[in-house]
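Subject: Structure handover

Hello,

Here is the structure we talked about, with the sequence alongside. My notes follow below it.

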Amino acid sequence: MPRIRIEGGHKLSGTIPISGAKNSVVALIPAAILCDETATISNVPDITDVDDLENILIHLNAKINRTTGKVEINSSDIINKEITSELSKKLRASYYFMGALLGKFKKVDMYFPGGCSIGERPINLHLKGFEALGARITEEDNHFIIEADSLKGNNIYLDFRSVGATINIMLAAVKATGKTVIDNAAAEPEIVNVATFLNNMGAKIKGAGTSTITITGVKHLHSCFHEVIPDRIEAGTYLILASLIGENLKIDNIIPNHLEALIAKLTESGVDMEIGIDNILVKEPKNYKSINIKTLVYPGFATDFQQIMATYMTQCKGSSTIEETIFENRFQNLYELEKMGAIIKVRKDNKKATIKGKTKLVGTEVVSTDLRGGASLVIAGLIAEGVTTISNISYILRGYDKIIEKLTNVGAKIEII
Ligand code: UD1
């Protein structure tokens, strides 16, 4: 099995360009099948999650033309058949085919999605939304049949501001008759990106990016051209790296506003950064103070960053804490960081961790436990003394476009072996 090998301790300089957002494109591709003509998506990252979604589209007989950074999807001849367990469990975002196929055909037949095992991750809120629109759901052994005679707009209140449920309900409601109102909707930038895509095709969605989204159903969705927003999680990952080991390291092609909570926390800890219109430059690492973070829905501190911040915290003086409020099992990477010398205590309920710094990290063999956990180990390997090898790297390649190339270009000694 391939592994990532890192020779740590090299200072990094230059520019890291940020790719299109994983969590946006993984919703845009399923959303494209709602289009009655050809939908073109640009700034598409080269990640395995996109390959896995493409395989589902091929399975459904959609016509795809994928070139570097661009994908054209024509769903005129799509066949609405079962999405097998093998295809759906490859990634979390396969669940967006539920909303998209239900919206297009009023029927979907597929298995429970896969993705990182960072918690239980039920889809009850998605299903509750589909039911409110008039769908009937049959489930047996993770196999779902969701169907409706017709879909009618309704008022839907989400018990939790779930990203997946908000987007999935939007997809199902876009061609329903009448008006759907999603209350307590999630407000992540990726949701706005998906709503803009659908509106570009002629959908009538208002309020994306706020807690109330209104969707007025339309009959026809026409061709469109749409760009994926920059990946704020990839940007934040490299910003944290720049804070630790950057010397004039610029993170480019980003929307700094999307990183507000992370920037605030890094600044509080002592990171000195120059924020431009679409980039952030870190001139040199400093001595950092400990900080406390608590994960929250957007615009709060993103849960995806906390695992990467754990590596950062090992380099802060004093005790830092992470409180995880979104997922039940997102501390697995901490046990790997301990192998490298980190001093960490995880509270029994698995909701809070304390990290003592500043500690020297030393390269060793570690295992990527999930996507962002894997990224936390890559950062740890880059700042550690000696050689780190990371196994289970398929998680990392699912979400980081050209990670080896981007890091090598700024001076990292990193390779896949
Ligand atoms: C998405 C992102 C993921 C990110 C997360 C939170 C994608 C593909 N993934 O995941 O990277 O970490 O948002 O920002 O975009 N929940 C329920 N019932 C539901 C749905 C969710 O109880 O029906 C719970 C989940 O178990 C979790 C919380 O709500 O505890 C948040 O989940 P959600 O926002 O839906 O995250 P995902 O869409 O899975």
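The side chains of T295 and E324 are joined by a polar contact of 3.2 Å. Please keep in mind throughout that this is a predicted model. T295 sits in the loop that runs between β18 (292-294) and α10 (303-313). Despite its place in a loop, T295 has a relative accessible area of 0% and is buried. Setting aside residues up to four places away in sequence, T295 touches F301, A302, T303, Q306, E323, E324, T325 and I326. E324, the partner in the polar contact, is thus listed among these neighbours.

I326 from that list also leads to the ligand. Which residues come nearest to the ligand? There are 19 residues around it, and Y95, N124, S162, D304 and I326 come nearest. Three polar approaches to ligand oxygen atoms are worth noting:

- S162: a polar side-chain atom lies 2.6 Å from an oxygen atom of the ligand.
- G164: a backbone N or O atom lies 3.0 Å from an oxygen atom of the ligand.
- P122: a backbone N or O atom lies 3.3 Å from an oxygen atom of the ligand.

The ligand taken alone exposes 740 Å², and the protein buries 89% of that.

S162 and G164 turn up again at helix α6. S162 caps the N-terminal end of α6, with a side-chain oxygen 3.4 Å from the backbone nitrogen of G164. Why is α6 (residues 163-173) described as largely enclosed by the rest of the structure? Buried here means under 20% relative accessible area, and 10 of the 11 residues of α6 are buried, so the helix is largely enclosed. The buried residues are G164, A165, T166, I167, N168, I169, M170, L171, A172 and A173.

Two of those α6 residues, T166 and M170, are among the contacts of I213. I213 is found in strand β12 (residues 212-216). Is I213 buried or exposed? I213 is buried, with a relative accessible area of 0%. Leaving aside neighbours within four places in sequence, the other residues in contact with I213 are T180, V181, I182, A185, A186, I191, I205, K206, G207 and A208. The C-alpha atoms of I213 and A27 are separated by 17 Å, and the two residues are 186 residues apart along the chain.

I191 falls within helix α7 (residues 189-200), which lies across β3 and β13 and runs at about 165 degrees to β13. Those two strands belong to an open sheet of 4 strands, ordered β4-β5-β3-β13, with mixed pairing. At the edges are β4 (63-67) and β13 (224-227), each of which pairs on one side only. From one strand to the next, the twist averages 15 degrees.

Within this sheet, β3 (residues 38-42) pairs with β5 (residues 70-74) in the antiparallel sense over 5 bridges. β4 and β5 also pair in the antiparallel sense over 5 bridges. V71 in β5 has a residue opposite it in each case: I41 and R66. β4 and β5 form a hairpin with 2 residues between them, and G69 in the turn has a positive phi of about 75 degrees. Helix α2 (residues 48-59) lies across β4 and β5, running at about 155 degrees to β4.

Regards

Conventions: Residues numbered from 1 in each chain as written. Predicted model: local features only at pLDDT ≥ 70, side-chain atom pairs only at ≥ 80, totals over all residues. Heavy atoms only, no water. Pairing = 2+ DSSP bridges. Axes fitted to C-alpha atoms, helices over the stretch in contact; angles between N-to-C directions. Contact = heavy atoms within 4.5 Å. Near = heavy atom within 4 Å. Polar contact = N/O pair within 3.5 Å; in protein donor to acceptor, adjacent residues only side chain to side chain. Areas by Shrake-Rupley, 256 points an atom, 1.4 Å probe, with all protein chains shown as cover. Buried < 20%, exposed > 50% of the residue type's maximum accessible area, 1.4 Å probe, protein only.
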